[in-house]
Every structure is written in structure tokens, then in C-alpha cells.
Number of protein chains: 2
Amino acid sequence: MTRADRPEPGDLDLQKQVCFALYAASRALTAVYRPVLERLGLTYPQYLVMLVLWERGQTSVKALGESLQLDSGTLSPLLKRLEAAGLVDRARDPRDERSVVVSLTPAGDGLRAQATGIPRAIAEATGVPASELASLRDTLRKITEAATAAPDKETT
Amino acid sequence: MTRADRPEPGDLDLQKQVCFALYAASRALTAVYRPVLERLGLTYPQYLVMLVLWERGQTSVKALGESLQLDSGTLSPLLKRLEAAGLVDRARDPRDERSVVVSLTPAGDGLRAQATGIPRAIAEATGVPASELASLRDTLRKITEAATAAPDKETT
DNA sequence: CAAGGTTTGGTTGTGCACAACCAAAATCAT
DNA sequence: ATGATTTTGGTTGTGCACAACCAAACCTTG
């Protein structure tokens, strides 16, 4: 009956909000990646796209968007920059001209070797135990799923 | 001796990377806030600034940046938009003309009442138990601290 | 085939996020 | 006091992120 029963001023405490913790942690971790990725000539979102391509080879823009949960407004210019950097090719699928297939160039494929050490480098730089990271990752996935499925609840 | 001993292709698996989980969760949760904050005419980062102001009243740009871990390149235009919206005032501190003090207008202060219900609305929309959120928040803070203090380790 | 719809990327516009750089004010050292 | 240094915001440029809108390609169904 003391807290969490009705809105109080204290509920607007920045330090108590999970979303801010998430927002700050995401930016802080991305900042750790930045100097490492800079040597590959990649930004963090570009690195994510490359991860998918290294794993799956040819991938449509739609599939990339589903994997990374990014829409075409974000991916289109990003992929153009990767193409301009000579790391990927883009071509319409002859079987379905609506679809654009993104594939690795030799240079893009070659970058993979330089990227294999990155996850370890980041883990070491932050110094957070692997077991804790695994459990954090699972909790975050749950949050993402819950948030993605969140009802707008304004339609009633 | 099986895994996590040396870089393997599997280490480049998107689904195993904590940073992506963080990145996706942060965007997903922000997306839950978006329609709620839209009714207040705020974006999520603007809401964070307002939280600090509701809590502390007059605050310098520097102090805002420290609280939110954002730099002036992000805050300056954001504060200008809040000022244009009539929610905050900006004025040089007469005691130190380098410093700009941001304060709430009556309209900005009035918005506070409409905001008190937001944390609860988000918590309900996502449906994640409060206890879990508290522990997640603590883990995230640890990550943020570790990442912020992370050495560049390229100077040797 | 033709009219209706859906799917897929792309474009445009707004708002962060951050690096790099800049200018004015304050502070320090001599 | 005077010159060097630091502090504080601001500006500029690049790159996401997403809403809103658009066009072309597909897919029906009659």
C-alpha cells in the first residue's frame, strides 16, 4: 500500500526507469564498438547487416529487415552506403522483380576474417562475465518480444 | 574447451550477441513509448529531458548532459525544439555566462501531471513483472558503467 | 485480359546521436 | 594585468530510425 499503487511524483524518477537504463546501456555499448568497427570502415548498424550476410549469404532486403527489425527507410540508404563502399551488391531478383537481393562482394566476404575477433574484444573491453551476459540477453529478448507485441490499448 | 576458447564463425552469430539484443530491446521499448508520448507532443529523448527538469527544476545544459549522458550536439537542438514548443526557457546564468540554465515554463510544468501515469502504462503494456525489471535495470547499469569506463586498449 | 488488391523497396521529412570544430567566458600562471 | 588554458555551449556534417507516402511488380477474380 506504500508504493506502486497509484502514480506518484517518485514514479517519474529517471534513475528508476528501465527504459532509460536500456537506452543508456545501448548507446554506451555501441560506443565501445565504434573504435573497433572504425578500423573495418563500418558503423554498428552496418556491422549488423554484415553479420547477417556472413551468416546467410544472399539475403533480400525484406529478410534483413525482419532479422534486424529495421524498416526500408533505414535499410535502403544504409545498403547504398555499403554498396558504395564495395562491400555488397544489390540486384533485383529475376524471379520477383519487387525483391532486391543483397549479396557480399569478395571485399565484403574478406572482411569477415577481420571481424571474427570482435565479439571477444568487446567482451574483454567491458569485462562483464559471459554467464551474466547470456542471462541478460535472454531477459532482453523477452522484453523485446513483449514490447513488439505490446497492444496500443487505445482502441477500446 | 569446446567453446569460447578462440574466435569461431559461430561467434559472429547475430542471435548470440548481447549488443544486438540491447539495441533491439531499446528500440522496441522506445516504440512502445512513442504513441503514449505523442499525446504530450514529446519524443522519447525530450521526455527524458523533461523528467530531469520535473525532478530538479532549473538545470544547466551541462548537468542535463551528465544525467542523460548526451552531449551538446544532441541537446542543443533538442532544447531549442522544447523551447519552440513553449515547454522550457533557456537563459545564460548571470553568474557564469558560459552556462545556459534550462527551466520549465508553466506549460512545461503543467505537462508533469499528464506524465505521471506513463511509467505504469508502459509497464502494463509490456507486461513484464516489476521484480524482473528492477534486476534488469541493475544489470544494465553495470553494463553501462563497464562500457563507459572501457579502455580503448589501442594505445599500447 | 482488366480492375481490384497486396507486396516490396524506395523517397522524403523530422528528430536524434556523435565527431570535429569553434567562440566566448572564466580561470590560472606568471 | 596579460597571456595560456580550461570550461561551456553551439555549429556543421554524417549516419541512423521511423512515419508517411509512393511506384512498380505481383496476384487475384471475374
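These notebook entries record what I looked up on the contact between chains A and B and on the surface near DNA strand C.

**Basis.** I worked from a predicted model, in which local features need pLDDT of at least 70, side-chain atom pairs count only at pLDDT 80 or more, and totals for chains, interfaces and linings use all residues. Residues are numbered from 1 along each chain as its sequence is written, chains are lettered from A and ligands numbered from 1 in the order in which they are written, and side-chain values use heavy atoms, with hydrogens and water left out.

**Symmetry.** I superposed the copies by least squares on the C-alpha atoms of residues with pLDDT of at least 70 in both. A turn of 180° and a shift of 0.0 Å along the axis lay chain B on chain A with an RMSD of 0.0 Å. The two copies are thus related as by a two-fold rotation axis.

**Interface of A and B.** I counted contact (heavy atoms within 4.5 Å) and found 69 residues from chain A and 68 residues from chain B. Of the interface residues of chain B, 100% are also interface residues in chain A, so the copies meet through the same surface. The buried area (accessible area, 1.4 Å probe, lost by two parts on being put together, summed over both) is about 6,100 Å², with 66% of it on carbon and sulfur atoms. In chain B, Leu12(B), Cys19(B) and Tyr23(B) lose the most area to chain A, together 10% of what that side buries.

**Polar links.** I looked for salt bridges (a side-chain nitrogen of Lys or Arg within 4 Å of a carboxyl oxygen of Asp or Glu) and noted 2 between the chains. The side chains of Lys142(B) and Glu132(A) form a salt bridge at 2.8 Å, N to O.

**DNA strand C.** I took as near any residue with a heavy atom within 4 Å of the strand. There are 26 residues around DNA strand C, and Tyr23(A), Lys62(A), Ser76(A), Thr43(B) and Arg81(B) come nearest. Sugar or phosphate accounts for 81% of the strand's atoms within 4 Å of the protein, and bases for the rest. I then checked distances from a phosphate oxygen of the strand to a side-chain N or O atom: 3.0 Å for Arg90(A), 3.2 Å for Ser99(A) and 2.9 Å for Gln46(B).

How values were computed
Polar contact = N/O pair within 3.5 Å; in protein donor to acceptor, adjacent residues only side chain to side chain.
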